[in-house]
Amino acid sequence: MPGVGPAPILFNEFFQMFMRCMPPNGWPVNSKIAVGNSGGPDSTCLLFLLNRLITDLRSKAMARQSIPTSVVSLSVNHNLQETSQSMAARSAANAEAMGVEHLTLDIPWGTPPFSAKPVTGQPVEQVAREARYHVVFEGMTRTGAHSVAFGHHADDQVETSLMRLARGTTELGAGGMRRYRRWGMGTGDVEGGLGWVGHHGLNRWIVRPLLEVRKDRILATCEEHQLDYVNDPTNFQPEITLRNAIRQMLTLQEEGKDMSALSGLPQHISSSLDKIKIAAADLQDTQMDLTGGMHQLHGAVKVLSSRLEDVDNEVTFHLKNMTLPSPPSTLILSSHALPAIVDPTVRLAFVLRVMRYVSFHPWGSMRADGNRRRTSIQRIIDTLWQSDSAPPFTAGGGVLWQPAIFSAKRRLRVGTQCLGRQLQPGERVAWMASRLPAVPYNVLDTATLPSKLDVDVTERLATAITRGNDSLEVLFDCRFLVRFDLSQIPEELVNALRKYQETGASVRVKPHTKFYWPKVVLQQPSYPDTIYATLMDDGHIDTLGRTPWVSMEYIRLLDAT
């Protein structure tokens with residue numbers, strides 16, 4: 001009807017939105033969920049709806065629904081603009097008014113691992129984003145939150161899709177943000193560095209319940225329930241970030257106004273806007289008309305997002321059907337089954353999923369995907385789908401691809417020995433994806449290795465024993481989680497740890513075999529290394545006759561998210 005504005009979000013409607021972003025294994029029992037609260041309308045609306053949902057269902061004995069039982073508000077104070085303090089204060093006040101636990105997280109610029117505070121002319125957006133995510137994860141850890149909900153909405157989804165097109169993304173990237181995804185191991189590569197979260201990030205989730213809701217409905221919800229919020233003034237300054245420029249470009253087009261307001265933008269931003277127009281026009285299966293208005297763009301991005309989910313499901317199906325029994329940390333794929341994948345986009349997603357699984361780069365990082373370099377990924381696709389007899393090769397991501405001959409009754413053959421070999425009955429041609437070796441296998445025990453492959457756990461073990469801890473966990477090579485049961489640790493190793501500062505003894509986790517599986521060794525000056533535990537090819541741990549006291553679990557995932 002004429003004059004009727006956008007409808008506020010109904011509680012039953014929000015419940016459905018929230019359940020659609022539930023992680024695949026459900027919400028843990030009695031878990032806590034955090035909300036990234038900036039004090040703006042999006043996060044204020046989300047915090048209000050989520051708190052009301054949890055409160056209502058709790059009063060109804062959870063209505064037989066397994067959802068988080070409490071919510072905590074997390075606000076980040078960047079201290080990058082004059083309004084930072086007031087926005088953080090508004091976030092805290094909103095949470096208090098709703099009766100929600102709140103934590104304000106300050107970014108300590110200049111204190112490691114944080115860089116000095118960025119100044120004008122530096123890439124503020126990326127630096128601030130990395131710092132923000134780092135402290136949000138710390139906030140989740142401090143408050144015990146299993147997941148964090150962000151207030152990204154449908155308009156944000158359009159902007160994200162266009163930003164990715166500016167960076168040369170594929171159709172998969174143009175699908176935008178996912179409703180839910182694992183946090184991942186982080187963007188850093190050094191333990192304790194900015195963006196690094198390690199194996200803990202594999203069990204934490206980011207969810208976006210409002211992703212299919214337009215901004216106007218969020219504002220209507222705030223108005224309906226008289227929610228106070230603040231608008232970040234920098235969101236409306238197109239010269240600051242590409243996202244802001246996209247937002248203004250779309251607003252001007254929607255309102256039919258002159259685009260001259262964008263004429264004075266910095267060169268890198270105006271160049272990105274031009275790239276977006278070209279990339280949007282080049283999309284193969286979806287029409288994305290930047291002049292067609294937000295309604296058309298929402299529809300186009302929704303189609304791309306749905307396509308992304310379909311591709312994820314198809315890749316999961318093919319992996320289940322093509323994967324042969326594989327040694328730990330590797331993946332063996334039947335060459336004869338690969339032609340069943342015809343769609344180029346599915347082939348691309350399939351290769352990326354395999355790379356992320358076997359790479360030694362942090363799970364979920366772009367490096368684990370070979371930085372998604374198109375030429376490199378295409379080389380992998382061409383080789384796997386067009387040749388059964390290519391020699392071993394690598395094309396990024398820290399992954400080695402090798403021809404293999406698989407048999408259920410004979411030993412696995414891998415590498416150049418497979419080339420030109422006549423197949424015996426029961427054998428089949430395959431490809432193996434495994435970690436790219438850092439040094440040749442024959443010098444593995446004598447070579448100087450990077451710290452991630454030669455992990456000194458001496459001090460950590462000694463401290464844990466002194467404190468009376470039951471166990472210690474160590475991430476090895478971003479691939480294996482090594483757990484030490486300190487109640488069963490051999491007595492002679494305990495004695496060595498008590499005197500390590502005097503004797504120079506050290507306990508280390510190092511690689512062995514060509515697949516770089518972990519082993520635990522004691523090193524002492526003038527003595528040969530003593531091996532205390534090794535991972536074997538059948539996945540069990542050999543503690544060389546000692547009581548089992550170490551476990552080694554390959555923790556990288558084949559999941560889409």
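Is Asp-477 buried or exposed? Asp-477 is buried, with a relative accessible area of 2%. Keep in mind as you look around that this is a predicted model.

**Salt bridges**

Asp-477 has a charged partner: Arg-479 forms a salt bridge with Asp-477, and their closest N and O atoms are 2.6 Å apart. Arg-479 is buried too, at 0% relative accessible area. Elsewhere, Glu-159, Arg-243 and Arg-247 are joined into one network by salt bridges that share partners.

Now for the total: the count comes to 24 salt bridges. One of them brings together the side chains of Asp-343 and Arg-307, 2.6 Å from N to O. Asp-343 sits in the loop between strand E8 (331-334) and helix H10 (344-358), while Arg-307 belongs to helix H9 (residues 294-322), so this pair ties together parts that are 36 residues apart in sequence. Another salt bridge links Arg-421 with Glu-427, with 2.9 Å between the closest N and O atoms.

How do the residues of these three pairs sit relative to the surface? Here they are side by side.

| Residue | Relative accessible area | Class |
|---|---|---|
| Asp-343 | 25% | partly exposed |
| Arg-307 | 21% | partly exposed |
| Arg-421 | 26% | partly exposed |
| Glu-427 | 11% | buried |
| Arg-479 | 0% | buried |
| Asp-477 | 2% | buried |

The cut-off helps with reading the table: buried means under 20%, so Arg-307 at 21% counts as partly exposed.

**Two helices that cross**

Next, find helix H7 (residues 242-254) and its neighbour H8. Their axes are 10 Å apart, and the two helices pack at an angle of about 60°. That angle makes H7 oblique to H8. As for handedness, the crossing of H7 and H8 is right-handed.

Who makes the contact? On the H7 side, it's Leu-242, Ala-245, Ile-246 and Met-249; on the H8 side, it's Ile-269, Ser-272, Leu-273, Ile-276 and Lys-277.

Let's zoom in on Ser-272. You'll find Ser-272 in helix H8 (residues 267-282). Ser-272 counts as buried, at 16% relative accessibility. Leaving aside residues up to four places away in sequence, Ser-272 touches Ala-166 and Leu-242.

**An open sheet**

Over to the strands. Five of them make an open sheet in the order E13-E16-E17-E18-E19, and the pairing is antiparallel. At the edges you'll see strand E13 (455-456) and strand E19 (541-542), each pairing on one side only. As background, strands of a sheet pair through backbone hydrogen bonds, either parallel or antiparallel.

How many bridges join strand E16 to strand E17? Seven bridges join strand E16 (residues 506-512) to strand E17 (residues 517-523), and the two run antiparallel. If you want one partnership to track down, take Arg-508, whose bridge partner in E17 is Val-521.

**A tryptophan in a loop**

Last stop: Trp-27. Trp-27 is placed in the loop between helix H1 (11-20) and strand E1 (32-36). Being in a loop doesn't put Trp-27 out in the open: at 3% relative accessibility, Trp-27 counts as buried.

What does Trp-27 touch, not counting residues up to four places away in sequence? The list is Phe-18, Met-19, Cys-21, Met-22, Ile-33, Ser-66, Ile-67, Pro-68, Ser-147 and Val-207. As for Ser-471, which is 444 residues from Trp-27 along the chain, the C-alpha atoms of these two residues are separated by 26 Å.

Notes:
Residues numbered from 1 in each chain as written. Predicted model: local features only at pLDDT ≥ 70, side-chain atom pairs only at ≥ 80, totals over all residues. Heavy atoms only, no water. Salt bridge = Lys/Arg side-chain N within 4 Å of Asp/Glu carboxyl O. Helix = DSSP H or I, 4+ residues; strand = E, 2+ residues; numbered from the N terminus. Buried < 20%, exposed > 50% of the residue type's maximum accessible area, 1.4 Å probe, protein only. Contact = heavy atoms within 4.5 Å. Pairing = 2+ DSSP bridges. Axes fitted to C-alpha atoms, helices over the stretch in contact; angles between N-to-C directions. Parallel < 35°, antiparallel > 145°, perpendicular 65-115°, else oblique. Left-handed = near helix turned anticlockwise from the far one by under 90°.
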